[in-house]
Amino acid sequence: MLSFLLYADIYCLVYANMTDGNDFMNERAFFHDMTLDYLRPAEPDKNRKVDIRFRCRRAEASEIILVWKGERHPMICSETSGEFDYYDASVNAGEEPAAH
């Protein structure tokens, strides 16, 4: 398992796909940023739904968990394009904005 920090208290736990016997993951393929492609809305109001997207190398992860303010949210592989898998999760922004 590897951890990828998105923001101050928000990160992804990435579990390797070991079906092929290889637990190596290309961490350079991990990606998330503040653009609308990966975070919607970019600056959410309190108690608003936030959509988070995370990218990793195709077929390297068996599971990705988004940890948002201490709570775990499973991410769903929603798209595969070229060399990458894209995982999505939706969370509630809560009363306090997340630290970016």
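Is Lys-69 buried, partly exposed or exposed? Lys-69 is partly exposed, its relative accessible area being 31%. The legends below describe close-up views of a predicted model.

**View 1. Lys-69 has a positive phi in the loop between S5 and strand S6.** The phi angle of Lys-69 is about 55 degrees, although the residue is not a glycine. Strand S6, on one side of this loop, covers residues 71–74. With a relative accessible area of 31%, Lys-69 falls in the partly exposed class.

**View 2. The loop between S3 and S4 holds Pro-41 and Asn-47.** A cis peptide bond runs from Arg-40 to Pro-41, with omega near -15 degrees. Strand S3 comprises residues 39–40. In the same loop, Asn-47 has a phi near 60 degrees, a positive value in a residue other than glycine. Asn-47 is partly exposed, at 40% relative accessible area.

**View 3. Lys-49 and Asp-51 form a salt bridge.** The closest N and O atoms of the two residues are 3.8 Å apart. Lys-49 counts as exposed at 54% relative accessibility, whereas Asp-51 counts as partly exposed at 27%. This salt bridge belongs to a total of 5 found in a search of the whole structure.

**View 4. Arg-53 and Asp-88 meet through their side chains in a salt bridge.** The N to O distance is 2.9 Å. Arg-53 belongs to strand S4 (residues 49–57) and Asp-88 to strand S8 (residues 84–92), so the pair ties together parts that are 35 residues apart in sequence. Arg-53 is buried, with 18% relative accessible area, while Asp-88 is partly exposed, with 23%. Glu-79 joins Arg-53 and Asp-88 in a network of salt bridges.

**View 5. A salt bridge links Arg-57 with Glu-83.** Their closest N and O atoms lie 2.4 Å apart. Because Arg-57 is in strand S4 and Glu-83 is in the loop between strand S7 (76–81) and S8, the pair ties together parts that are 26 residues apart in sequence. Both residues are partly exposed: Arg-57 has a relative accessibility of 24%, and Glu-83 has a relative accessible area of 48%.

**View 6. Glu-60 is buried and has no salt bridge.** Glu-60 is located in the loop between S4 and strand S5, the latter spanning 61–68. The nearest side chain of opposite charge is that of Arg-57, at 4.3 Å; a salt bridge requires a distance within 4 Å, so this pair does not qualify. Leaving aside residues up to four places away in sequence, Glu-60 touches Tyr-15, Ala-16, Asn-17, Phe-24, Met-25 and Asn-26. Arg-57 itself is engaged in a salt bridge with Glu-83.

**View 7. Phe-31 and Tyr-38 form an edge-to-face aromatic pair.** A search of the whole structure finds 2 aromatic pairs. In the pair formed by Phe-31 and Tyr-38, the ring centres are 5.1 Å apart and the planes make an angle of 80 degrees. Phe-31 is partly exposed, with 29% relative accessible area, and Tyr-38 counts as buried, at 10% relative accessibility.

**View 8. The charged end of Arg-55 sits over the ring of Phe-84.** The charged end is 4.0 Å from the centre of the Phe-84 ring.

Methods
Residues are numbered from 1 along each chain as its sequence is written. This is a predicted model: local features need pLDDT of at least 70, side-chain atom pairs count only at pLDDT 80 or more; totals for chains, interfaces and linings use all residues. Side-chain values use heavy atoms; hydrogens and water are left out. Buried means under 20% relative accessible area, exposed over 50%, partly exposed in between (1.4 Å probe, protein chains only). Helices (H or I, at least four residues) and strands (E, at least two) are DSSP runs, numbered from the N terminus. Rings of Phe, Tyr and Trp (its six-membered ring) pair if their centres lie within 6.5 Å; planes under 30 degrees apart count as stacked, over 60 as edge-to-face and the rest as tilted. A charge sits over a ring if NZ of Lys or CZ of Arg is within 6 Å of the ring centre and within 35 degrees of the ring normal. Lys and Arg count as positive and Asp and Glu as negative; His and the chain ends are not counted. Contact means heavy atoms within 4.5 Å.
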